[in-house]
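Student: Please take a close look at one part of this model, the contact between the two protein chains. I would like it described together with its surroundings.

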Number of protein chains: 2
Amino acid sequence: MAQFVDDRKSATIERRAKLFRGFADPSRLAILGALCNEPLAVHELVERTKLSQPNVSNHLRCLLECGLVASDRHGRFIRYRISSPRITVLLSDVDALLDVVAEGVEACDNYREA
Amino acid sequence: MAQFVDDRKSATIERRAKLFRGFADPSRLAILGALCNEPLAVHELVERTKLSQPNVSNHLRCLLECGLVASDRHGRFIRYRISSPRITVLLSDVDALLDVVAEGVEACDNYREA
DNA sequence: ACAACATATCAGCAAGGAGTGATATGGCGC
DNA sequence: GCGCCATATCACTCCTTGCTGATATGTTGT
């Protein structure tokens with residue numbers, strides 16, 4: 001088993017932090033969750049997630065740029081889809097970890113509960 | 001395969017976001033990385049990570065409360081350790097996902113590059 | 001060309017969250 | 001009990017980030 005990185009300034013840690021940051025918002029997770037179910041157009045995502053259109057659009061911009069989603073235009077519609085099955089793996093493993101620490105996470109007052 | 005959650009207000013999504021938030025900081029990841037290698041006392045973590053003592057202490061408080069780490073006092077020293085192997089699994093998952101999206105994540109200007 | 005529809009972008013605001021320097025608290029040795 | 005060492009906490013500052021309402025841009029149908 002390789003050594004784990006502990007240098008705050010290392011590229012690995014920076015990248016990891018950035019990627020985790022991309023998942024660390026309820027609205028973002030709602031969009032990803034919807035897309036894990038099936039590919040969807042923006043207005044469909046707006047409907048599913050109950051988020052505002054500009055908000056959804058802005059999140060999608062970031063997801064697209066990060067390579068977490070991909071898109072195809074169909075006339076007026078742009079359909080978005082998850083770009084890698086590793087995303088669903090990550091969500092499952094977060095849930096597995098939550099099984100162990102849910103109580104603590106809930107009790108912790110360090111991050112907002114939105 | 002179960003349905004993925006897309007309701008921004010659901011407890012599942014809130015919890016996930018909160019847990020991801022706990023990993024979404026380079027300093028936090030540096031501490032976790034060090035602890036994945038071996039159990040350490042605060043001053044050792046300060047040394048390894050090059051972070052300030054109050055900073056390390058504050059992060060540890062949160063990690064402890066969330067149940068991500070556990071601690072044992074040895075006289076003057078309090079040694080901290082990772083509480084679940086699922087944490088290392090999650091880090092591996094993120095690395096696997098980064099293999100696919102590193103370029104995009106790096107290019108994305110949406111989150112700070114610390 | 002124009003209107004309707006779908007989506008992206010912009011500017012501004014408010015809240016969240018990380019870090020620091022100083023200080024408080026707890027354990028140990030004499 | 002006191003001084004030293006280890007660690008926790010506090011108050012404040014500053015930067016980051018998410019969202020909104022308005023507007024811009026792109027596509028389609030007539």
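Tutor: What follows goes from the single chain to the contact between chains, and then to the DNA.

The model is a predicted one. The secondary structure of chain A consists of five helices and three strands, and along the sequence these elements are arranged as α-α-β-α-α-β-β-α. The C-alpha trace of chain A spans about 50 × 30 × 20 Å along its principal axes.

Within chain A, one helix pair can serve as a reference for the pairs between chains. Helix 2 (residues 26-37) and helix 3 of chain A pack at an angle of about 115°, and their axes are 10 Å apart. An angle from 65 to 115 degrees counts as roughly perpendicular, and helix 2 of chain A and helix 3 of chain A are therefore roughly perpendicular to each other. Their crossing is right-handed. On the helix 2 side of chain A the contact uses A30(A), I31(A) and A34(A), and these meet L45(A), R48(A) and T49(A) in helix 3 of chain A. By class, the residues of this contact are four nonpolar, one polar and one charged.

Next comes the relation between the two copies. A turn of 180° with a shift of 0.0 Å along the axis lays chain B on chain A with an RMSD of 0.1 Å. The two copies are thus related as by a two-fold rotation axis. Among the residues of chain B, F20(B) comes closest to the rotation axis, with its C-alpha at 2.9 Å. Of the interface residues of chain B, 100% are also interface residues in chain A, so the copies meet through the same surface.

The contact between the chains takes 59 residues from chain A and 59 residues from chain B. On the chain B side, helix 1 (11-23), helix 2 (26-37), helix 3 (42-49), helix 4 and helix 5 (86-107) each supply at least two residues. Helix 5 of chain B gives the largest share of that side, 17 residues. By class, the side of chain B that touches chain A has 32 nonpolar, 10 polar and 17 charged residues.

Two helix pairs show how the chains are packed against each other. The pair formed by helix 5 (residues 86-107) of chain A and helix 5 of chain B has an angle of about 165°, with the axes 9 Å apart. That makes helix 5 of chain A roughly antiparallel to helix 5 of chain B. The crossing of these two helices is left-handed. From helix 5 of chain A the contact draws on R86(A), I87(A), V89(A), L90(A), D93(A), V94(A), A96(A), L97(A) and V100(A), and from helix 5 of chain B on R86(B), I87(B), V89(B), L90(B), D93(B), V94(B), A96(B), L97(B) and V100(B). The classes in this contact are 14 nonpolar, no polar and four charged residues.

The other pair joins helix 1 (residues 11-23) of chain A to helix 2 of chain B, at an angle of about 120° and with axes 9 Å apart. These helices are therefore oblique to each other. Helix 1 of chain A passes helix 2 of chain B in a right-handed crossing. Helix 1 of chain A contributes I13(A), E14(A), R16(A) and A17(A), while helix 2 of chain B contributes P26(B), L29(B), A30(B) and G33(B). By class, this contact has five nonpolar, one polar and two charged residues.

The DNA strands complete the surroundings. DNA strand C is surrounded by 23 residues, the closest being A41(A), H43(A), P54(A), S27(B) and G75(B). At least two residues each of the surface near DNA strand C come from helix 3 (42-49), helix 4 (53-66) and strand 3 (77-82) of chain A, and from helix 4 (53-66) of chain B. Helix 4 of chain A gives the most to this surface, with six residues. The surface near DNA strand C is made up of eight nonpolar, nine polar and six charged residues.

Around DNA strand D there are 23 residues, of which S27(A), P54(A), G75(A), H43(B) and P54(B) come nearest. Two or more residues each are given to the surface near DNA strand D by helix 4 of chain A and by helix 3, helix 4 and strand 3 (77-82) of chain B. Helix 4 of chain B supplies the largest share of the surface near DNA strand D, six residues. The classes near DNA strand D are eight nonpolar, nine polar and six charged residues.

Technical notes:
Residues numbered from 1 in each chain as written. Chains lettered and ligands numbered in written order. Predicted model: local features only at pLDDT ≥ 70, side-chain atom pairs only at ≥ 80, totals over all residues. Near = placed C-beta within 6 Å. Helix = DSSP H or I, 4+ residues; strand = E, 2+ residues; numbered from the N terminus. Nonpolar A, V, L, I, M, F, W, Y, C, P; charged D, E, K, R; others polar. Axes fitted to C-alpha atoms, helices over the stretch in contact; angles between N-to-C directions. Parallel < 35°, antiparallel > 145°, perpendicular 65-115°, else oblique. Left-handed = near helix turned anticlockwise from the far one by under 90°. Contact = placed C-beta atoms within 7 Å. Least-squares fit on C-alpha atoms with pLDDT ≥ 70 in both.
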